[in-house]
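Hi there,

Here is the structure I promised to pass on to you. Have a look at it first, and then read on for what I found in it.

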Amino acid sequence: MKKIFLASAFALLILAGCNKDKDILTSLNDYNLSQQDKGYHFGDKLQLPQDVLDYAEAITVSFGDKETSNLTIDPKFFTLGENDVTFNIKTKSGEVLQQDATINVFAKAKARTLSYQVLNQYPHNTDYFTEGFELHDNTVYESVGLKGKSKLVKYTLGSTTPIKEVPQPSDIFSEGITVFGNKIYQLTYQSKKGFIYDSDMKLIKEFEFPNVIGEGWGMTNDGKNLIVSDGTKNIYFLNPENPSEVVRYISVASDKEGYDQVNELEYHDGSIYSNVWQKPIILKINPENGEVTGILDLSNISKQNTTGNDDVLNGIAFKGENMLITGKNWSRIYEISVK
């Protein structure tokens, strides 16, 4: 009888402990969910519920292959935008409880609302599924996407007649381009490789993507590095002498929102300008830290040119201080002044 009583008491203790573990994880999860929309800024401290702190002997946060016991939002550990982490709670009884969470980190400075005025319009070939778009000396260089239709073309702004075009193999889906020095660099979508051409658009060589980059999306350069997006929240800076080498990367977020699907890129006057896939906006981004400093809403122009799911805003270039924009299969290129 005594043995049965002791066994029952032990079972109750285990059940009570399990219930307490569940309560602690629920408390932590509720806190994490309450913070997702509000987000954090670098330097903020994670204000975990007191019952979680009291129950824990130690708490660490895992993010990718990193782990820290510092409960401060540290830029050496977290990035702007979404951070999918795991809280590891070592209880005073020696157990380890784990709780997954998303920690959103936003920019501290408020993003400006940019305005624009349409100054001019030029024809654009509606057969061009625009992926990369640049202007040099009144010559447009455009990377046209889709398998079986991909090519690199150049033409004079105001004309739709190609000066030259280089078709790609049928299995290639062309993506972003940039003119860097006397070379033209071009990405591909999912082939994990890019092309380098000379100024006459003659193929010099191919290069392999760095392992961290899964897909090729947008491309530009700052005169020092190639700058590449891959459809995530990240923008990578690559060594132009060896494009398979990542120099550094930034993640993109404003004071209110983290952005993924960062797409076509253009560098101008110390800022990166970026499309966001399927959104009629262009972000102005600080290349040092990924903070969005301005947002340009082009909904009115997009509505005039978008009829389906694919013919979206996707093309940024600069003509002096004015911006040129176009989209996939659009009939027009717009020259706008941005303020």
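In this predicted model, strand E17, residues 234-239, runs antiparallel to E18, and the two are joined over 6 bridges. If you want a spot to start from, go to Tyr236, whose bridge partner in E18 is Tyr249. Both strands belong to an open sheet of 4 strands, ordered E15-E16-E17-E18 and paired in the antiparallel sense. The edges of this sheet are strand E15 (219-221) and strand E18 (242-251); each has a single partner strand, so one side of each is left without a neighbour in the sheet. On average, and ignoring direction, neighbouring strands here are turned by 30° against each other.

Before you zoom in elsewhere, a word on confidence. The chain has a mean pLDDT of 92, and 95% of its residues reach 70 or more. The stretch to be careful with is residues 1-17, where the pLDDT is below 50 and the model shows 1 contact beyond near neighbours in sequence. Where pLDDT is low, the predicted coordinates should not be read in detail.

Next, the hairpin of E11 and E12. Strand E11 covers residues 174-180, and 7 of its 7 residues are buried, so this strand is largely enclosed by the rest of the structure. Its antiparallel pairing with strand E12 (residues 183-188) extends over 5 bridges, and Val179 stands opposite Ile184 in E12. There are 2 residues between the two strands of the hairpin, and Gly181 in the turn has a positive phi of about 60°.

The same hairpin leads us to the aromatic rings, since one ring pair involves the loops that adjoin E11 and E12. The count for the model is 12 aromatic pairs. One of them is Phe173 with Tyr189, a tilted pair at 5.1 Å centre to centre with 55° between the planes. Phe173 is in the loop between strand E10 (162-167) and E11, while Tyr189 is in the loop between E12 and strand E13 (193-198); the pair links distant parts of the chain, 16 residues apart. Are these two residues buried or partly exposed? Phe173 counts as buried at 15% relative accessibility, whereas Tyr189 counts as partly exposed at 23%; the cut-off for buried is under 20%.

Another pair worth a look is Trp330 with Tyr334, which is edge-to-face, with 6.3 Å centre to centre and 90° between the planes. Trp330 is buried, with a relative accessible area of 1%, and Tyr334 is buried too, at 4%. You will also find a cluster in which ring pairs link Phe63, Phe77 and Phe78.

Finally, the charged side chains. The structure holds 6 salt bridges, and I picked out three for you:

- Lys328 and Glu131 meet through their side chains at 2.8 Å, N to O. Lys328 lies in the loop between strand E24 (322-327) and strand E25 (332-338), and Glu131 in strand E7 (residues 130-136), so this salt bridge ties together parts that are 197 residues apart in sequence. Lys328 is buried, with a relative accessible area of 1%, and Glu131 is buried at 3%.
- Glu257 and Lys279 form a salt bridge in which the closest N and O atoms are 3.1 Å apart. Glu257 sits in the loop between E18 and strand E19 (262-268), and Lys279 in strand E21 (residues 279-285), so to speak of distant parts of the chain here is to speak of 22 residues. Glu257 is partly exposed, with a relative accessible area of 31%, and Lys279 is partly exposed at 33%.
- Lys319 and Glu335 form a salt bridge with 3.9 Å between the closest N and O atoms. Lys319 is in strand E23 (residues 313-319) and Glu335 in strand E25, so the pair ties together parts 16 residues apart in sequence. Lys319 counts as partly exposed at 29% relative accessibility, while Glu335 is buried, with a relative accessible area of 6%.

Happy browsing, and do write back with any questions.

Best wishes

Key: Residues numbered from 1 in each chain as written. Predicted model: local features only at pLDDT ≥ 70, side-chain atom pairs only at ≥ 80, totals over all residues. Heavy atoms only, no water. Pairing = 2+ DSSP bridges. Axes fitted to C-alpha atoms, helices over the stretch in contact; angles between N-to-C directions. Buried < 20%, exposed > 50% of the residue type's maximum accessible area, 1.4 Å probe, protein only. pLDDT = per-residue confidence, 0-100. Contact = heavy atoms within 4.5 Å. Salt bridge = Lys/Arg side-chain N within 4 Å of Asp/Glu carboxyl O. Phe/Tyr/Trp six-rings, centres within 6.5 Å; stacked < 30°, edge-to-face > 60°.
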